[in-house]
Amino acid sequence: MAGQMMSSGTRNGWLPSRFPPDETAAQRLREWLEEEGGLDAVGIDLSGADLSHGAFWESWFTGAKLVNTKLVGADLYRSDTQGADFTGADLTRCSLIRVNMDNAILVNAVLDGAELVKASSCDVDASGASCRGTEFVDTFLINTNFRSADLRNAVFEENSFKVTLDEETRLEGASGTVFGPAVIIEGQTPRELSGDTLEQWIRSRGGNLRVLKPARSVT
């Protein structure tokens, strides 16, 4: 019976569990449900919506507001979220494969179990974010702020790791391989660590990350 009730305006039966309070954004979503292709959400306010389990392949969230938005289990394959504000958003188990997240705000966001594969996360503020069990695979983490973030049991595979960490960053059980250097802030004093020194600092925090040396170019 449920299948017979499925509207042509749903994407394989999917509808947002909660539309955003902003009427312009809600209308854009309703229109997209009747269209093909990715969602054009450039600059609109999707804050407070529940878009969990939606398939937003090749969509544009550039400069969008997604404050406290739920995207649990959503698929953002090849989407552009550059400059988007995900403050407090829930991206648990979200697929972020080949997503451009440069300049995004992920303060206090939840990315537990999310997949960041070949993604770009440059100049991102992820302070206070929860990334427990998150997979970072061949992802650019450059000038990424992980102060007070929870990276417990996160898995890293040959990622650029030019990040900022502090005494409140949780690293227990984090494993894999990264390229440094990272900026460590203890007290008020920042210091840059790389190679064995960075590896030892991570181990002292309960992590098991191997810091790789960049391959030498052959001339």
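A residue is taken as buried when its relative accessible area is under 20%. In this predicted model, Ser121 has a relative accessibility of 5% and therefore counts as buried. Ser121 belongs to strand 2, which spans residues 120-122. Beyond its neighbours within four places in sequence, Ser121 makes contact with Asp102, Phe140, Leu141, Ile142 and Thr144.

Ser121 also leads to the next feature, since Ser121 is one of the residues that line the largest cavity. The structure holds one cavity of 30 Å³ or more, and the volume of the largest cavity is about 60 Å³. Alongside Ser121, the lining is made up of Leu106, Leu111, Leu116, Val124, Ala126, Cys131, Phe136, Leu141, Thr144 and Phe146. Sorted by character, the lining comprises nine nonpolar residues and two polar ones, with no charged residue. Leu141 and Thr144 appear in this lining and are also among the contacts of Ser121.

Two of the lining residues, Phe136 and Phe146, bring the aromatic side chains into view. A pair of aromatic rings is described by how far apart the centres lie and by the angle between the planes. Seven aromatic pairs are counted in the model. In one of them, the ring centres of Phe136 and Phe146 are 6.2 Å apart and the planes stand at 75°, so this pair is edge-to-face. The two partners come from distant parts of the chain, ten residues apart: Phe136 sits in strand 3 (residues 135-137), whereas Phe146 sits in the loop between strand 4 (140-145) and strand 5 (155-166). Phe136 and Phe146 are both buried.

What is the arrangement of the rings of Phe136 and Phe156? Here the centres are 4.8 Å apart and the planes meet at 5°, so the pair is stacked. Because Phe136 lies in strand 3 and Phe156 in strand 5, this pair ties together parts that are 20 residues apart in sequence. As with the previous pair, both Phe136 and Phe156 are buried. Phe136 thus takes part in an edge-to-face pair with Phe146 and in a stacked pair with Phe156, while also lining the largest cavity.

Aromatic rings feature elsewhere in the chain as well. Trp14, Trp32, Phe56 and Phe61 are joined into a cluster by ring pairs. A further ring, that of Phe19, has a charged partner: the charged end of Arg30 sits over the Phe19 ring, at 5.0 Å from its centre.

Definitions and conventions
Residues are numbered from 1 along each chain as its sequence is written. This is a predicted model: local features need pLDDT of at least 70, side-chain atom pairs count only at pLDDT 80 or more; totals for chains, interfaces and linings use all residues. Side-chain values use heavy atoms; hydrogens and water are left out. On a 1 Å grid over the protein atoms alone, a cavity is a set of points where a 1.4 Å probe fits but cannot get out, and a pocket is an open set with protein on both sides within 12 Å along at least five of seven lines; lining residues have an atom within 4 Å of a point. Grid points are joined across faces, edges and corners, and a volume is the space filled by probe spheres set on the points. Ala, Val, Leu, Ile, Met, Phe, Trp, Tyr, Cys and Pro count as nonpolar, Asp, Glu, Lys and Arg as charged, and the others, Gly among them, as polar. Rings of Phe, Tyr and Trp (its six-membered ring) pair if their centres lie within 6.5 Å; planes under 30 degrees apart count as stacked, over 60 as edge-to-face and the rest as tilted. Helices (H or I, at least four residues) and strands (E, at least two) are DSSP runs, numbered from the N terminus. Buried means under 20% relative accessible area, exposed over 50%, partly exposed in between (1.4 Å probe, protein chains only). A charge sits over a ring if NZ of Lys or CZ of Arg is within 6 Å of the ring centre and within 35 degrees of the ring normal. Contact means heavy atoms within 4.5 Å.
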